Each structure stands twice: as structure tokens, then as C-alpha cells.
Amino acid sequence: MYAQMVKTGASRLKSDAEMSERERAFQDRIDADVKIEPKDWMPDDYRRTLIRQISQHAHSEIVGMLPEGNWLTRAPTLKRKAILLAKIQDEGGHGLYLYSAAETLGITRDQMLEALHDGKAKYSSIFNYPTLTWADVGTIGWLVDGAAIMNQIPLQRCSYGPYARAMVRICKEESFHMRQGYDSLLALCRGTAAQKRMAQDALDRWWWPSLMMFGPPDDASTHSAQSMRWKIKIFSNDELRQRFVDQSVPQAEVLGLRIPDPDLRWNADRGHYDFGPIDWQEFYRVLKGGGPCNRERLAARVSAWEEGRWVRDAALACAEKQLRRQAATA
């Protein structure tokens, strides 16, 4: 999930008796699957939770461009360069859709970016790992975008209209990203022995961080219940993680790669794969800034913002000039 550990401001669910009349009417609309729109009344905690989740999602899309952008000039063929460039451009567009959706809740884009650059706002922990080889780019497409799709398809049914509608196009493009990554890995796995070893090495390094993308286990995710009641979140972390594992294992078998989990096995009674314990200490460490690339990623975003200041200033000056001309001829 591109939005991890989003706080709702509620330590427990309110009963109907504890809700105000407005809150009960609001919850009734959500229960009836009626979309909440920007001008509708909403509880302050609902608004703040959406801002946190959507902005964190947007930050993740933008920061997520960096690990792959590192390989644009080194992709093995012109075709792979063009595909990767198109994918990175898509991610920038996803950030734009999501920042725009968040702005409908009363926060400005400058405020969101300032929070990111100051380290107050988070982005998905997965983007704090390095892309060491070309196989990492394919693995990100297969696993990271695959995990994102697992979460984002249900978000098309999110209770907040602008967020749900933004996800429609994002999901279509993410499905392309996943296929692109899988196709790249398939080419490596059908290539030389060295290429297949490179693909296996990438899977070994990205598997567990990909499982962490869905956030902490349900019993440690104290805010999930409220988000699910508001239908900001549709499925629990553990449900999504299990679906992801069940989907990914057969795909790895087609590639001829081994999932790096000695405890992985099919459970016929459950109808799902059992998998080993996740190192949640690593998850929290990376989320708090202790990952291999946390400082590098944030520094790159701040640098891009500062270096692009002249473009923003020029665009604003041009817009102001056009407004003055229109006023003079009115």
C-alpha cells in the first residue's frame, strides 16, 4: 500500500449513540455507498484522514519515480528505455491526480510538498531501497506495482468521490506497469544463466519489502477499523497481503524463480499460501528514516523542487501578465 499507517484521529469506533445527528447521517450515506463530495459536510477526522492518506499516496508516486529514473540512461535497449520513460511519466501523472484530489479537501499543494520536504509527511517505505541492477526495475514493476494494484483496485470504491475517480485511470496504468515489469523479468529468465541469477537476486531483495507495503499486521494497525468504517480503506492489511502472496507465487513459478521464504507452502485447508514471519522492525526502521536510501530520496526531491523554482516563477509571471492584458482590454 502506498499509504502506510495513516492516523484517523480516533482511538476507537464510536457507537451510534455517541455520534452526533450529523455524524450518523454522514455514516448512513457511506453505508449506502453514496460518494462524499468536496462540498458535502464531513467530520474533521474524516477530512484529516483523507488528506494524510491521499497526500502520502501522492508523495509515494512522485518519490517512486526516482529508483527507476536511475536506470533510464542504462536500460539495455531503446525499446526498454521508451517503456521505462513512459512508465515514469505515468507515475508523475498519478501524483498530479492525487495532489489535485487532496486539494479538494482544503489543503494546498505547496503545504503538502513542504510537509514532505521537511520530513513531516511520509511516503511508502518501499522506495527507500536501491535499484542495484536492471532486474530490480522489472521486479519493481512486477511486485511493487502488483502490490499497489492489489490495494488500489478496491480504492475505486472509496467513499470519497475525487479519490475514487482518480484511482480509475491510475489502476489502468498500474496494470500496464505490472505487465511491463513481468515481461522484462521473463526476458531475463529466458536469457543466460547470469541473467536469471540477476532476476533471482532482485526477487530475493524485493520480496519482503513488497510484503511490508501493505502496512503492519491487523492487530497492530490501530487506525484501520475506523478507515474501513468510513470506506477510505476497503480491505485490511492482512487480507491484501494474503491476496498478493497467492497471486505472486504462481507467477514466480512461471518465471522459474524461487520465492525467498523457507516457510512458504500451500495450505489446502485454508485455500491460501502460508508464509513466514515478516521483519517488522526493519519496516518501522525504514519508515522512520533508517532505510538504505531515505536521505538520498528526500534530498533528490528537495533538489528537484529548488532547481525547478525558476520554471514555477516564470509560469506565474506569464499568467499574471495575461491577466493584466485581459483586464486592460475588458
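How far is the sulfur of C158 from the closest cysteine sulfur? In this predicted model, the separation is 12 Å, and the closest cysteine sulfur belongs to C171. Because a disulfide requires two cysteine sulfur atoms within 2.5 Å, this distance is too far for a bond. C171 is likewise in no disulfide, the sulfur of C158 being the nearest to its own. The structure as a whole holds zero disulfides. Both cysteines are nevertheless buried: C158 has a relative accessible area of 0%, and C171 has one of 8%.

The nonpolar interior was examined next. The largest nonpolar core comprises 53 residues, of which W142, W206, W207, F244 and L255 touch the most other members. At least two residues of this core are supplied by each of the helices α4 (78-103), α6 (134-155), α7 (161-189), α8 (193-212), α10 (237-255) and α11 (280-290). Helix α6 gives the most, contributing ten residues. The surroundings of W206 were also resolved at the residue level. With residues up to four places away in sequence not counted, W206 touches I126, Y129, P130, T131, D136, T139, I140, L143 and V144. A second core, separate from the largest one, contains 28 residues, including I30, M42, L105 and C171.

Helices α7 and α8 were considered as a pair. Their axes come within 7 Å and cross at roughly 140°. This crossing makes α7 oblique to α8, since only angles over 145 degrees count as roughly antiparallel. On the α7 side, the residues that meet the partner helix are L185, L188 and C189; on the α8 side, they are Q195, K196, M198 and A199.

Helix α5, which spans residues 109-117, has M112, L113, L116 and H117 as its buried residues. Viewed down the helix axis, these buried residues fall within an arc of 130°, so they line one face of α5. Such an arrangement can be related to general helix geometry. An α-helix has 3.6 residues a turn, so residues three or four places apart point the same way. The buried residues of α5 pack against α2 (44-63), α4 and α12 (294-307). The helix is followed by G119, which has a positive phi near 80°.

Two histidines provide further detail on this region. H117 is located in α5 and is buried, with a relative accessible area of 16%, a value that falls under the 20% limit for burial. Apart from neighbours within four places in sequence, H117 is in contact with L298, R301, V302 and W305.

The other histidine, H59, is found in helix α2. H59 is buried, with a relative accessible area of 0%. When its neighbours within four places in sequence are left aside, the contacts of H59 are Y99, M112, L113, L116, A121, K122 and Y123. Among these contacts, M112, L113 and L116 also belong to the buried residues of α5. The C-alpha atom of H59 is separated by 26 Å from that of V245, a residue 186 positions away along the chain.

Definitions and conventions: Residues are numbered from 1 along each chain as its sequence is written. This is a predicted model: local features need pLDDT of at least 70, side-chain atom pairs count only at pLDDT 80 or more; totals for chains, interfaces and linings use all residues. Side-chain values use heavy atoms; hydrogens and water are left out. Buried means under 20% relative accessible area, exposed over 50%, partly exposed in between (1.4 Å probe, protein chains only). A nonpolar core is a set of buried Ala, Val, Leu, Ile, Met, Phe, Trp, Tyr and Cys residues joined through side-chain atoms within 4.5 Å. Helices (H or I, at least four residues) and strands (E, at least two) are DSSP runs, numbered from the N terminus. Contact means heavy atoms within 4.5 Å. The arc is that of the directions from the helix axis to the C-beta atoms. Axes are lines fitted to C-alpha atoms, for helices over the stretch in contact, and angles run from 0 to 180 degrees between N-to-C directions. Angles under 35 degrees count as roughly parallel, over 145 as roughly antiparallel, 65 to 115 as roughly perpendicular and the rest as oblique.
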